[in-house]
Each structure stands twice: as structure tokens, then as C-alpha cells.
Amino acid sequence: MTAAIEARGLVRHFGSVPAVDGIDLYVPRGSVYGFLGPNGSGKTTTIRLLLGLLRPDRGSISLLGGSPHDASCLAQVGAIVERPAFYPYLSAHENLRLFATMARMPSATGAAAADRALGVVGLSSVARRKVDGFSTGMKQRLAMALALLRDPTLVILDEPTNGLDPGGVVEVRGVIGELARSGRTVFLSTHVLTEVEQLCDRVAVLQRGRLVAEGLTRELLERGQRLAITFDTEEEAGGAARVLSEAGFALEAEDEGETTLLVGGDRLGSSAVCRLLAGQGLYPAELVVRRASLESVFLELTEGV
Amino acid sequence: MGYLLRADWLRIRRRWDVWIIVLGIPALGLLAYVTGAMSAGNNQIQISGDVPPEFQLQIAAQAAAQKAFQALPYQFPRSIATMVEGTTMWLLLGAAYLAASLLGNEFSWGTIRNVALFQPGRLRYLGARLTWLVALVLVAIVAVTALGAIAPAIIRVDPGDPSALAQDPSSFGMQFVPPAPVTIGGALIVVGSLLCVALAGMALVGLAALKFRSAASGILVAGIYVVVEGIAAALVMSRATGDLRYLPQLGLTMRLSGLVQDAQVAAGLSSGAGNPASSPGWVALPPLVGAAIIAVWLCGLLGLWFVVLRRADIAE
């Protein structure tokens, strides 16, 4: 089966500034893919490139096996890109009906699809009100409704919870979770790292137009986890540090006293560490796996670049 | 493209500004016509003191000629041209506003992004929008023409004694242009020139709005172009010799202004005095060549609409 999104060597400059600089993306179908990066890292530009709104200087893009300039391909894609944009003099329902008509839906089908989408995002009660009077949060919900209008296979969401109150954030997260459970692919660009931690099974981190990390969310979090080994005495801790260093474990500086060692890197495994230390007659008083938050991993990845 | 036209209808039917323009222009034309008709032939010639009888006769003849002359524009079919002349500027501004607003606002509001996602065939989308723009301009022009045709039946202007027009106006120092008979065909030539003016204004402002991605910028840039072309044309016309003298006539603004005057001359409404042809350095072109130049401009400007939108990055 083809990927939901596949991009190779994507490059886009604005003047001499590289907004996107050689990005490769592979988003499997049915996954919830988190797309992270600080402001100005190129997330929105990447999304615009994926949707065919911008043309890449170099590179190729495949959406659901087709081109983003192909109508039949885009018909299976729903998207929120940056701030919501609607005709202010039309009602929420009229806005959706208009785009349903543009998507060649028959009138009755379009009206029903608009009703359904507005119901999903909780805007049914204001469906006949002009968008001009909507709050930022209501417009954001309407953007979500527009993204869902065509019952898409792939949903690309750029900061979907921007401007929403806490209740709205929970609702939108619920909608994203529902989309994922129904087998749709969700590409989620957000600043809210807890959102990614909760929802995404894969994640990519972008910094200055380049991908600095990509993989399963679980693996990325494991990259940031540490093993904290505490001994009763400083002598035991010093001896353990020598043994672990010689065995190739990465020891990190810690500030919790000289009786605690922090072991990082890929070769984590509390049982292996225990066996090694016990073989040398060293017995830790406490051994704790400290799980990293996505926030700390994100900061580590983006600040180091 | 029917679904795109339907989608545009959902949008346009709620645009009160569009309907104010489309229906307001004929209303303004009618207002100008009615006020003109009400004041036509109401001139009073004041005489003080004793006047010799032969001079009184001459004054009476002059008053009758004036009355008949001023009533002429309100007689069918010349009434059509009168109505059209009264709305030319409004229609030009209206068509320009419609193009700027219906194209430029898509960028200002950011809705062009949704359009691009729901209709990746940008040229088809623009084709539908162009169709609507032309249709709206046509509705306004047809309404103006129809009002001009039916107005004489409702608003009657007393023509006085038509034989008074046969007098030699120079005998009492009048500058009246000898009235030529205006046919329906002549009136329609004036209507055609108005259509050209409106479409050219729409095409120029529309291109600027697409290129600069805003309605206001579109109007501003097109306005600057018109002024710059006018200045450059005046300079070339006053200095150039040989083939260069034809250059100003190739400009859109100058050519349109020439076309309007040519149409009035062709319809028998004007002698041509005061039109660009009377400017120093102006060399007359055959009317068909003039019309062909406008057609080339229109094709070029509208073609550029499609090129600009096809190549545009949608960064809104």
C-alpha cells in the first residue's frame, strides 16, 4: 500500500532564505503523525507544499499515491492551514455548502455534509449565523468542519487547537482521536507537545527547514530517558562509574549528589546494568528509569541545532 | 464549469455591494436622465427695454431652436445614447470595483486557499469568476440600454417646433452642432463602446488585483497606470514625429478614450471636436484598427489573469 504522504528532497526558498531544506517525509496510512518545530522552522511552508499551495524548488510529493495538483487526490484530503479563512458575509452553513458545491457535491448531499460536519465540531446551533460575528475559536472549529466536509482519508491539521478554550481543545482532540480510530491518516502540526504525546504514534521534528528527528513517538521518548542509579556511598558510586564507562555506557553529569549516577544513550537496560555492577560486587540502593517528556526531547533536539 | 458557476452564485447573491453596483448604475443613469429631461428646453431668454420687432422674432426663433435642440437627446433612439453617456464613468468605476473586489478579496480574506484546495483547477475557477464578472457588467449595461429605450415613453420632453432646428444657428451666434439623425444602430455603437470601456477597466483592475493580491491595491495600481499612461502619451504626442506619433494611440487609456469619441461621431452625436484626435500630434486610425487594438489589449490582460493565477503561490 502506498504511503499517505511521501515527500523526497523537498526544498523551497523564499528569496535566498531556505524555508524548507531537503525534507524527506514518509507518513504511513492510518497513522497519526506529529509534526513539530519551533516558530519559523518551516512547518506551515511544508504543509503548503504538501497541499500544492506552494510549488517546491526541488523534490517530489505524493499524497495518497497521487499529485497534490490532482483534483481526485485532493478530494480525499481535508486540511486546516494556519488561520481559518471564510467569507465573512456568509453563514457557517453557507460557507460549507459553497465549498461542497465547488467539490461537485450535489446540492442536497452538500447541505447534508455541511450539517454533519458542523455537528461534529459543535457548531450546529450557530450554523445560520454569519461568520463575521464568530469568535476565533468558532472560526477554528469551522475550519475543522471544512476539513471534514468531504469525509477525507487524510487530514492535515496545522495548529488545529489555536484559539480554542480548554473545552474546545478537548473536543478537537476527541475529534482527532475519533479520526484516528476510524482508520484515517492524521498529519498534525502543533506546538502543544502534550497533544502529540497523547495522539501521535509517529513524530517528526523540524528545525530551520530540516528534519532533526523522525520516528515512532515511543522511540523518541526513549531517546531522552535516563537510568538513575543511587549508591549508599561515594566510593561505590565512583567504582560503578568506572565499570560502566569501561563497558561503554554513557554517563552524564548530574546534580543530585555524588552518590547518584545518570546513564543515558541507546544502551539502556536496567537488568544489564544490574548484572554488570553485581559482577563487580557493586549493589545500587536504588535504580530508577526517568522517562523524558516530549518537551525535554523537543528542546534538546531544537536547541542543539 | 457549471458547478463553479453555481458555487459563485452562492457567494455573489449575498454580496450587497455587488447588487448595489449592478442595480445602482442604471438607477443613477435614470436619475441623470430624468433631471436632464426635466430641465431640457426650460431656458428663458430675458429681454429688457424696448426691442425692435425684427429682433424679437430672431429671439423667438433662437428660443425655439434651443428648445428643439435640447429635447433631441430625450427622443428615441437617441435616448439610449443619452442614458449610456450618463453612466459611462459609473460603469467604468463599477466594473473596476467588481473585478477588484471579487478577485482581490479572495486573497485578503485568505479564502483563495480553500478555493485552491477544493478546486485545484485554478484556471477553471478563474474562468467561472470571469464569466460572472462579464455577466454582471452585461446586466448593468443591458439595464441601462433598456431604460434608455423605454424612458421616452414614460418621461416625455416636448420637442417644440422641430422645424426650428433647420434654421442656421450661426445667424444668431449659436454654436449648435447641426443635429444628425441618430439610428438604433448608432445608439448601439455607443452602447458597444461603453461595453468595451467597462470590460477594459475590469480586465486592467482585475489583473492588478490578482497580481498584488488585494482589491485596494488592484484599484490603486490600475489608477497609477492610467495616470502614467496619460502623461507619457501626452509627452510622446507633443514631441514625437514619424511612426512614433502612433505610439500613444496604442495605449489602453488613450485608445479607449478615442473609441468613445469615435463611437459618438459614428452615431452622429458629436462632430469630434475636443476628442483626442484634436490633440497635437494625434494621427487618426481607422475605427476597425482602433477596435482591433482594444481587442488585443483585452485578450492580453485577460490572458495574464490566467498566467498570474496559475503561477501564483498561495501563501495566504
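**Two buried helices and the A–B contact**

In this predicted model, the buried residues of helix H1 in chain A are A:Lys43, A:Thr44, A:Thr45, A:Thr46, A:Ile47, A:Arg48, A:Leu49 and A:Leu50. That puts 8 of the 8 residues of H1(A), which runs over residues 43-50, in the buried class, so the helix counts as mostly covered. Just past the end of H1(A) comes A:Gly52, with a positive phi of about 80°.

Over in chain B, helix H10 covers residues 252-267. With 16 residues at 1.5 Å apiece, H10(B) ought to span 22 Å, and the C-alpha atoms at its ends do sit 22 Å apart, so expectation and model agree. H10(B) is largely enclosed by the rest of the structure, because 12 of its 16 residues are buried. Those buried positions include B:Leu252, B:Met254, B:Arg255, B:Leu256 and B:Gly258. Further along H10(B), B:Leu259, B:Val260, B:Gln261, B:Asp262, B:Ala263, B:Gln264 and B:Ala267 are buried too. Here as well a glycine follows: B:Gly268, just after H10(B), takes a positive phi of about 85°.

As for how the chains meet, 27 residues of chain A are in contact with 23 residues of chain B. On the chain A side, helix H2 (71-74) and helix H3 (92-102) each chip in at least two residues. H3(A) gives the most, with 6 residues. By residue type, the side of chain A that touches chain B breaks down into 18 nonpolar, 3 polar and 6 charged residues.

Methods
Residues are numbered from 1 along each chain as its sequence is written. Chains are lettered from A and ligands numbered from 1 in the order in which they are written. This is a predicted model: local features need pLDDT of at least 70, side-chain atom pairs count only at pLDDT 80 or more; totals for chains, interfaces and linings use all residues. Two residues are in contact if their C-beta atoms, placed from the backbone, lie within 7 Å. Helices (H or I, at least four residues) and strands (E, at least two) are DSSP runs, numbered from the N terminus. Ala, Val, Leu, Ile, Met, Phe, Trp, Tyr, Cys and Pro count as nonpolar, Asp, Glu, Lys and Arg as charged, and the others, Gly among them, as polar. A residue is buried if 20 or more other C-beta atoms lie within 10 Å of its own, exposed if 12 or fewer, and partly exposed in between; C-beta atoms are placed from the backbone. The expected span of a helix is 1.5 Å times one less than its number of residues.
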